[in-house]
Amino acid sequence: TDPALPYKVRDLGLAEQGRHQIRLAEHEMPGLMSLRERFSGSQPLAGARIAGSLHMTVQTAVLIETLVALGAQVRWASCNIFSTQDEAAAAVAVGPDGTPEDPQGVPVFAWKGETLEEYWWCATQIMLWPEGEGPNMILDDGGDATLLVHKGREWEGLGAVPSAQPEDPEEWKVILETVRAGLAEHPTRWTDVAAGVRGVTEETTTGVHRLYQLHEAGELVFPAINVNDSVTKSKFDNVYGIRHSLLDGINRATDMLIGGKVAVVCGYGDVGKGCAESLRGQGARVVVTEVDPICALQAAMDGYQVATLEDVVGQADFVITATGCKDVVTAEHMRRLKDKAVVGNIGHFDNEIDMAGLARVPGVRRTEIKPQVHEWTLAAEHLDGTQRPERSIIVLSEGRLLNLGNATGHPSFVMSASFSNQVLAQVELFTRPDDYPLGVHTLRKELDEDVARLHLGALGADLTELTKEQAAYLGVDVAGPYKPDPYRY
Ligand code: NAI
């Protein structure tokens with residue numbers, strides 16, 4: 001049988017500190033706490049073995065312990081090398097009833113500042129269960145756990161793991177190695193894991209995008225619930241969560257005044273809207289770049305200048321990417337930035353900013369100001385042929401999502417809405433598999449409205465109730481749902 005390690009975190013001694021933060025977070029997460037109450041008797045996740053890959057923060061700790069309260073067994077890794085809060089990881093591993101000397105919590109494999117090798121090792125650990133079992137559910141953020149199982153199975157099915165091509169990016173080589181190592185220990189590992197998984201619930205835009213691509217290619221091997229596109233996820237977390245945590249990240253990293261400065265936000269989707277609003281709230285002059293005419297028009301009507309990065313990069317004090325696309329800020333853009341301009345990404349993956357290209361600029365020098373804050377100095381003679389003094393730019397979290405790398409991600413209240421959707425999605429997929437055939441599904445609108453309801457009371461919001469006559473006039477039920485599916489909120 002496979003050795004299923006109990007946990008690997010930075011320091012179990014941080015557990016008490018983490019537990020205090022979890023206690024305060026629980027107060028701010030009314031949705032998750034009410035779901036614990038609602039389901040504590042029926043235990044709908046009894047028998048579920050959930051492999052979770054999602055930023056190991058304090059809020060995620062409350063999610064994990066909610067899944068456990070509903071009967072699930074859980075193993076957890078973070079979905080980003082910088083996003084773990086070590087005290088939260090320690091508290092979850094120790095558990096509410098354990099001590100650092102006698103940990104009794106959930107097996108967590110996560111610490112802040114993993115190498116890529118360690119990251120993919122952690123991803124493998126959540127797939128290894130005692131007695132050689134695998135998980136029967138995946139809870140994913142960005143799709144790395146799903147990708148590992150799919151790629152592992154595909155390569156194993158081919159009878160050979162392909163060898164890394166020279167043009168493969170560094171991370172892809174690590175994934176190949178991870179799959180290979182897994183097979184050396186257990187030759188049918190990935191086929192076995194894939195066969196045991198009933199489904200995945202996916203947290204973010206980028207992961208959902210990957211799932212639809214997999215399904216369109218006919219390669220998806222288990223059903224998926226797209227949690228991101230619950231209204232109470234993407235129209236809240238991606239907007240209001242970002243509105244809070246973008247500034248938190250910039251402030252903790254740089255402490256630079258934002259008012260009066262020029263801030264360029266690349267992408268005006270849900271995340272971009274939250275970024276632009278928060279920067280404008282600080283008094284920045286915000287410029288938006290977009291490829292989609294609808295979003296560009298929204299930005300213009302919201303009062304932002306809409307321009308191309310090429311045209312405005314020389315005036316920018318801050319450039320923030322929020323596109324979920326690649327190569328948005330190129331090395332050439334960065335060479336044209338002002339002295340001490342700040343560049344950061346808040347999209348899921350680190351390919352929005354061409355860090356490899358920046359590292360290849362002749363004569364470039366990287367200085368660590370503090371962890372996850374780096375100054376890149378560009379030598380004068382290498383700047384597009386002209387003579388200009390040496391200058392430098394500040395890059396946050398090495399191009400990885402800065403709100404989790406430089407700060408602690410979204411605040412608890414908004415994550416309560418996101419994670420309530422995650423819990424309901426896990427319950428749905430685990431208890432009603434016949435309702436979710438192979439494919440990518442969203443949660444029913446009743447559940448979306450339910451999540452919103454669970455959060456209104458805590459904000460002192462009183463909902464108006466339709467009369468029977470009003471409901472009949474609108475053609476809806478008094479208890480909802482209130483909107484047809486195409487409604488966009
Ligand atoms: P979205 O699809 O609503 O918005 C992305 C926008 O970027 C779209 O409007 C698109 O037209 C635009 N875009 C694409 N390529 C572009 C380019 N080359 N230049 C300018 N604009 C471009 O997606 P959403 O929900 O806003 O998410 C964006 C990213 O943020 C995703 O990777 C998502 O996974 C991630 N995310 C990160 C969070 C965090 O806490 N850091 C929270 C939620 C989402």
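Let me begin with the ligand, where the shell of surrounding residues, sorted by class, holds 10 nonpolar, 16 polar and 4 charged residues. Please keep in mind throughout that what we are looking at is a predicted model. In that model 30 residues surround the ligand, and the closest of them are Gly 267, Gly 269, Val 271, Gly 324 and Cys 325. If we ask which helices supply at least two residues each to this shell, we arrive at α9, which covers 205-216, α11, which covers 237-254, and α12, which covers 270-281. Among the contributors, α12 gives the most, with 3 residues.

Where, then, does the ligand lie with respect to the two domains? Domain 1 and domain 2 both give residues to the shell, and therefore the ligand lies between them. The domain assignment places domain 1 at 12-235 + 410-448 and domain 2 at 239-405, so please note, as you follow the chain, that domain 1 is written as two stretches. The C-alpha centres of domain 1 and domain 2 are 30 Å apart, and the contact draws 15 residues from domain 1 and 16 residues from domain 2. On the side of domain 1 that touches domain 2, the largest share comes from α9, with 3 residues, and α9 is also one of the helices that I named for the ligand shell. By class, that side of domain 1 divides into 3 nonpolar, 11 polar and 1 charged residues.

Let me step back to the protein as a whole, which comes to 20 helices and 15 strands. Its radius of gyration is 23 Å, close to the 23 Å that the globule rule gives for 489 residues, and so the protein is as compact as a globular protein of that length. Along the principal axes, the C-alpha trace spans about 70 × 65 × 45 Å.

Now to the sheets, beginning with an open one of 7 strands, whose order is β3-β2-β1-β4-β5-β6-β15 and whose pairing is parallel. At its edges stand β3, residues 108-109, and β15, residues 440-441, each of which pairs on one side only. Inside this order, β5 (residues 199-202) and β6 (residues 224-226) run parallel and are joined by 3 bridges, with Val 200 standing opposite Ala 224 in β6. Helix α3, residues 58-69, packs on this sheet, where it touches β1 (49-53) and β2 (73-77), and its direction makes about 160° with that of β2. Helix α6, residues 144-157, packs on the sheet as well, touching β1, β4 (137-140) and β5, and its direction makes about 130° with that of β4.

There is also an open sheet of 8 strands, in the order β9-β8-β7-β10-β11-β14-β13-β12, and here the pairing is mixed. Why is one side of β9 and of β12 left without a neighbour in the sheet? The strands β9 (305-306) and β12 (365-370) stand at the edges, each with a single partner strand, so one side of each has no neighbour there.

The strand β14 is a good place to see what mixed pairing looks like in detail. With β11, residues 342-345, strand β14, residues 391-396, pairs in the parallel sense over 2 bridges, and Val 343 stands opposite Val 395 in β14. With β13, residues 373-378, β14 instead runs antiparallel, and 6 bridges join the two. Along that antiparallel pair, Thr 377 stands opposite Ser 392 in β14, while the bridge partner of Val 373 is Leu 396. As general background for reading such pairs, side chains in a regular strand alternate between the two faces of the sheet. Helix α11, which we met at the ligand, lies across β10 (318-321), β11, β13 and β14, and runs at about 135° to β11.

I would like to finish with two details of the backbone. A cis peptide bond joins Gly 480 and Pro 481, with omega at about -5°, and Pro 481 belongs to the segment after α20 (468-474). What is the phi of Gln 43, positive or negative? The phi of Gln 43 is positive, at about 50°, although this residue is not a glycine, and you will find Gln 43 in the loop between α2 (30-39) and β1.

Key:
Residues numbered from 1 in each chain as written. Predicted model: local features only at pLDDT ≥ 70, side-chain atom pairs only at ≥ 80, totals over all residues. Pairing = 2+ DSSP bridges. Helix = DSSP H or I, 4+ residues; strand = E, 2+ residues; numbered from the N terminus. Near = placed C-beta within 6 Å. Nonpolar A, V, L, I, M, F, W, Y, C, P; charged D, E, K, R; others polar. Domains from an automatic or database assignment. Contact = placed C-beta atoms within 7 Å. Axes fitted to C-alpha atoms, helices over the stretch in contact; angles between N-to-C directions. Rg over C-alpha atoms; globule rule 2.2 N^0.38 Å.
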